[in-house]
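This briefing introduces the fold of one protein chain, from its overall layout to selected packing details. Please keep the structure in view while reading.

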Amino acid sequence: MKKLFVYFCLLISLVSCGSANKSTLGVLKEKSRAQQFAEDINRTTMRAWAQYTGFAHMNLEAYAAAAARALLAEQTSILISRTIDIRSESLGTSEIKSIAEETIKGSRVVMSDRYVQRNGSETCHVAVEISIDDIVRNIRHSEMIQEALSKAAGGRVVDFDDTDFAETMTESFNNIKKESNYEIEKYHTF
């Protein structure tokens, strides 16, 4: 009977310890160098980061870069829609994806680092970037992008070669950057 009581007490203490661990915030995760670079408050380019986990013999940088470029394309489509006030619902999903991929042509991997995990796998963090000037240049040199964006702007003619377009794009970028920096600072104040 005493043994049963001792086992019962141990079981209760284990259950209470387990539930206490579940309610904690957990271990603070350090940001990778690539993530810190991509989120730099003073950045002057569009940047995104991503990670991919696999084994040492794999080209993890290529997988992480593809994921980061997908995020960069998504961010760039937001930038463009804010710049020329487009209605994305007037475009199909494949059209939006094609435009986004075209606008980030020439984006480059600017940072890559790998972290070895306990199980032998490796996690690769990659940061990619593209300048606003390159985005504007890609738009100006692609008739497909110009036609699709004009269609999304409700048939309104947008002069992509005008210097105002480039200035408005830069202004939109700075506004988006301020908003995202506010979000980063809001959650990382000490």
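Two residues are in contact when heavy atoms lie within 4.5 Å. In this predicted model, 70% of the contacts between residues at least 6 apart in sequence join residues that are at least 24 apart. The protein chain contains seven helices and three strands.

**Overall layout**

- Along the sequence, helices and strands follow the pattern α-α-β-α-α-β-β-α-α-α.
- The protein chain has 190 residues, of which 32% count as buried.
- About 12,400 Å² of the protein chain is exposed, and carbon and sulfur atoms supply 56% of that area.

**The sheet**

- The three strands form an open sheet with antiparallel pairing, in the order β1-β3-β2.
- Strands β1 (45-54) and β2 are at the edges with a single partner strand each, so one side of each has no neighbour in the sheet.
- From one strand to the next, the twist averages 15°.
- Helix α5 packs on this sheet, where α5 touches β1 and β3. The direction of α5 makes about 65° with that of β3.

**The β2-β3 hairpin**

- Strand β2 (residues 108-116) runs antiparallel to strand β3 (residues 122-131), and eight bridges join the two.
- Among the paired positions, R114 stands opposite C124 in β3, while S112 has V126 of β3 as its bridge partner.
- Five residues lie between β2 and β3 in the hairpin. In the turn, G120 has a positive phi of about 95°.

**Helices α5 and α6**

- Two packed helices are described by the angle between their axes and the distance between the axes.
- For α5 and α6, the packing angle is about 90° and the axes are 6 Å apart.
- Angles of 65 to 115 degrees count as roughly perpendicular, and α5 is therefore roughly perpendicular to α6.
- On the α5 side, the contact is made by N138, I139 and R140; on the α6 side, by I145, Q146 and L149.
- By type, the residues of the contact of α5 with α6 are three nonpolar, two polar and one charged.

**The surroundings of α6**

- Which residues of helix α6 (residues 143-152) are buried? They are I145, A148, L149, S150 and A152.
- The cover over the buried residues of α6 includes α3 (60-84), α4 (93-103) and α5 (132-140).
- Residues I145 and L149 are buried and also take part in the contact with α5.
- Just after α6, G154 has a positive phi of about 80°.

Technical notes: Residues are numbered from 1 along each chain as its sequence is written. This is a predicted model: local features need pLDDT of at least 70, side-chain atom pairs count only at pLDDT 80 or more; totals for chains, interfaces and linings use all residues. Side-chain values use heavy atoms; hydrogens and water are left out. Helices (H or I, at least four residues) and strands (E, at least two) are DSSP runs, numbered from the N terminus. Buried means under 20% relative accessible area, exposed over 50%, partly exposed in between (1.4 Å probe, protein chains only). Accessible areas come from the Shrake-Rupley method with a 1.4 Å probe; for residues, only the protein chains shown count as cover. Axes are lines fitted to C-alpha atoms, for helices over the stretch in contact, and angles run from 0 to 180 degrees between N-to-C directions. Angles under 35 degrees count as roughly parallel, over 145 as roughly antiparallel, 65 to 115 as roughly perpendicular and the rest as oblique. Ala, Val, Leu, Ile, Met, Phe, Trp, Tyr, Cys and Pro count as nonpolar, Asp, Glu, Lys and Arg as charged, and the others, Gly among them, as polar. Two strands pair if DSSP finds at least two bridges between them.
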